[in-house]
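Thanks for coming, everyone. Please open the file on your screens, and we will walk through it together.

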Amino acid sequence: MSQPYDLVVIGGGPGGYEAAIRGAQLGMKVACIEKRVHKGKPSLGGTCLNVGCIPSKALLDSSHRFEATQHDLAAHGISTGAVSIDIATMLSRKDKVVDQLTGGIAQLLKGNGVDWLQGTGKLLANKVVEFTPLDGSASQQLQAQNVILASGSVPINIPVAKVDEDRIVDSTGALEFAEVPKRLGVIGAGVIGLELGSVWRRLGSQVTVFEALDDFLPMLDKALAKESQKTLKKQGLDIQLGAKVSASQISDTGVTVTYTQGGAEKTAEFDRLIVCVGRKPYTEALLAEDAGIALTERGFVQVNDQCLTSVPGVYAIGDLVRGPMLAHKAMEEGVMAVERIHGQAVQVNYDTIIGVIYTHPEIAWVGLSEETAAAKGHEVKTGQFGFAVNGRALASGEAAGFVKFVADAKTDRLLGMHVIGPNAGDIVHQGMIALEFVSSVEDLQLMTFAHPTLSEVVHEAALSVDGRAIHAIQRKRK
Ligand code: FAD
Ligand code: AMP
């Protein structure tokens, strides 16, 4: 057995690498075990950096520029001639961004004195971790004072559309299409399905999205869900709700999808099909039987609010545990677990985790929707204001969407903020900070917002909660 570690982290995704760095900052001797090999090289950064958040945003950006160059520049008096896109260049730019960031994490671990152990970690009994190196050398046993399990998640596979890495792919395969499919099917209108569907639609695919549920983005405030559906439809995404895919058949010419909708069985033909029906926690080869770690019915590692598992000194974070599968949630849980180990009484505020869908315009939210707030017993008041009359939004031709606030009518306490519009993913942070500081709507109303900025819409939306937005015909109600 090697020299003991204060902390062994299994998994080097956003949850794991942040935990490892924070541990080192606090003076711990830390190892981070990561087994991922990306494009032939061992790689840190997990799903997020290698095949998730970052590559998808790189492609969203490239495809948005392509579409905007074709359609939005003429209004500025800019003419371009025929616009074309070289997919290989777009993909290699994406790969460079990924390389730069994953390489940066390796530097950060090194600079902080964290041992990156390249291979597989398995938790045995008594906080011993078995490490099996990628290079095929003999396994070692590491004694750890504390362990953080951060092995993340993998795409859910459904037998009705088995991934063959050619005609049928998952989200990882959809980041690598060498050419634009003419007809593209997407199963699942969740965040990932909509983002990837948007990328390829902008590049020229005819995209159909199949969603088994009748409601579109049911976790969103209804006003936001309705506006998003309308906007994405207008952009050309064919979103089929109440459409459950029941079979798929690959042929030489494509893939035939069978689905049921409104009681009828229907079929559709595609060149390629992306399966985006959610992700599941990844525990393969992670836990020895006598490790003592309890799992939930759905296969997540069971943890308390502080991410402690059923074994003292063993924590689990990120996609491996309950809660939204988001990189920033994983990161903050990693930091919390380490600081708890260090004796600090920190707590992630799960009520203020932001959600963002990086379509164009972006969709972002924090806190309670109008419907959830009412269901929780609040007497709800709301205010909404559009970007359509905002000077900055109009000046940059990005005037779609709105900001909506949800508040408690009795106490004036802010409960939620919902944004669809330019830079929604950034703008929504104003609501997150306000929620963290337990702001009233009046607090926001009394602040001075710079002119001309997109954030003025935040101010107007707060004012409109009480019927006193300035750039709308509103009479103060009280
Ligand atoms: P992961 O990032 O999955 O990392 C876990 C790591 O552990 C993996 O690299 C794995 O190889 C390693 N591992 C597993 N088992 C072992 C073992 N036994 N030994 C050693 N190593 C092991 N989230 C956002 O917040 N914003 C976004 O815009 C966003 N976009 C996304 C787009 C796509 C296409 C996808 C698929 C996901 C996206 N996500 C996004 C979700 C985000 O990627 C995850 O929530 C996040 O990566 C979870 O972090 P994690 O550290 O828990 O796990
Ligand atoms: P998310 O979990 O947010 O990534 O979204 C995945 C979506 O896929 C959910 O909204 C599911 O309802 C949807 N889904 C799962 N299975 C099917 C299926 N067979 N056909 C159509 N949609 C599906």
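**A walk through the fold**

Let's start with the inventory. The protein chain has 12 helices and 23 strands. Next, its compactness. The radius of gyration is 24 Å, and the globule rule gives 23 Å for 478 residues, so the chain is as compact as a globular protein of that length. Keep in mind that this is a predicted model.

Now the outer dimensions. Measure along the principal axes, and the C-alpha atoms fill a box of roughly 75 × 60 × 50 Å.

What about inside and outside? Of the 478 residues, 50% count as buried. The chain exposes about 21,900 Å². Carbon and sulfur atoms supply 51% of that area.

Then contacts. Take those with a separation of 6 or more. Residues 24 or more positions apart account for 61% of them.

And charges. There are 45 positive and 53 negative ones in the protein chain. How far apart are their mean positions? The answer is 3 Å.

Let's turn to the strands. Look for an open sheet of 5 strands. Its order is E9-E16-E10-E11-E12, and the pairing is parallel. Which strands sit at the edges? They are E9, residues 168–169, and E12, residues 238–240. Each of these two pairs on one side only.

Stay with E9 for a moment. Its partner is E16, residues 272–275. The two run parallel, and 2 bridges join them. Find Val 169, and you will see Ile 274 of E16 standing opposite.

Now move to another part of the chain. Strand E5 covers residues 115–123, and strand E6 covers residues 128–133. They run antiparallel, with 5 bridges between them. Gly 119 stands opposite Pro 133 in E6. Together E5 and E6 form a hairpin, with 4 residues between the strands. In that turn, Asn 126 has a positive phi of about 60°.

E6 also pairs with strand E7, residues 140–149. Are these two parallel or antiparallel? They run antiparallel, and 4 bridges join them. Here Val 128 stands opposite Gln 143 in E7. This pair forms a hairpin too, with 6 residues between the strands. Gly 136 lies in the turn, and its phi is positive, about 85°.

So E6 is the strand to remember from this part. It is joined to E5 by 5 bridges, and to E7 by 4. Trace both hairpins on your screens. Thank you.

Key: Residues are numbered from 1 along each chain as its sequence is written. Chains are lettered from A and ligands numbered from 1 in the order in which they are written. This is a predicted model: local features need pLDDT of at least 70, side-chain atom pairs count only at pLDDT 80 or more; totals for chains, interfaces and linings use all residues. Side-chain values use heavy atoms; hydrogens and water are left out. The radius of gyration is taken over C-alpha atoms; the globule rule is 2.2 Å times the number of residues to the power 0.38. Buried means under 20% relative accessible area, exposed over 50%, partly exposed in between (1.4 Å probe, protein chains only). Contact means heavy atoms within 4.5 Å. Accessible areas come from the Shrake-Rupley method with a 1.4 Å probe; for residues, only the protein chains shown count as cover. Lys and Arg count as positive and Asp and Glu as negative; His and the chain ends are not counted. The place of a charge is taken as NZ of Lys, CZ of Arg, CG of Asp or CD of Glu. Two strands pair if DSSP finds at least two bridges between them.
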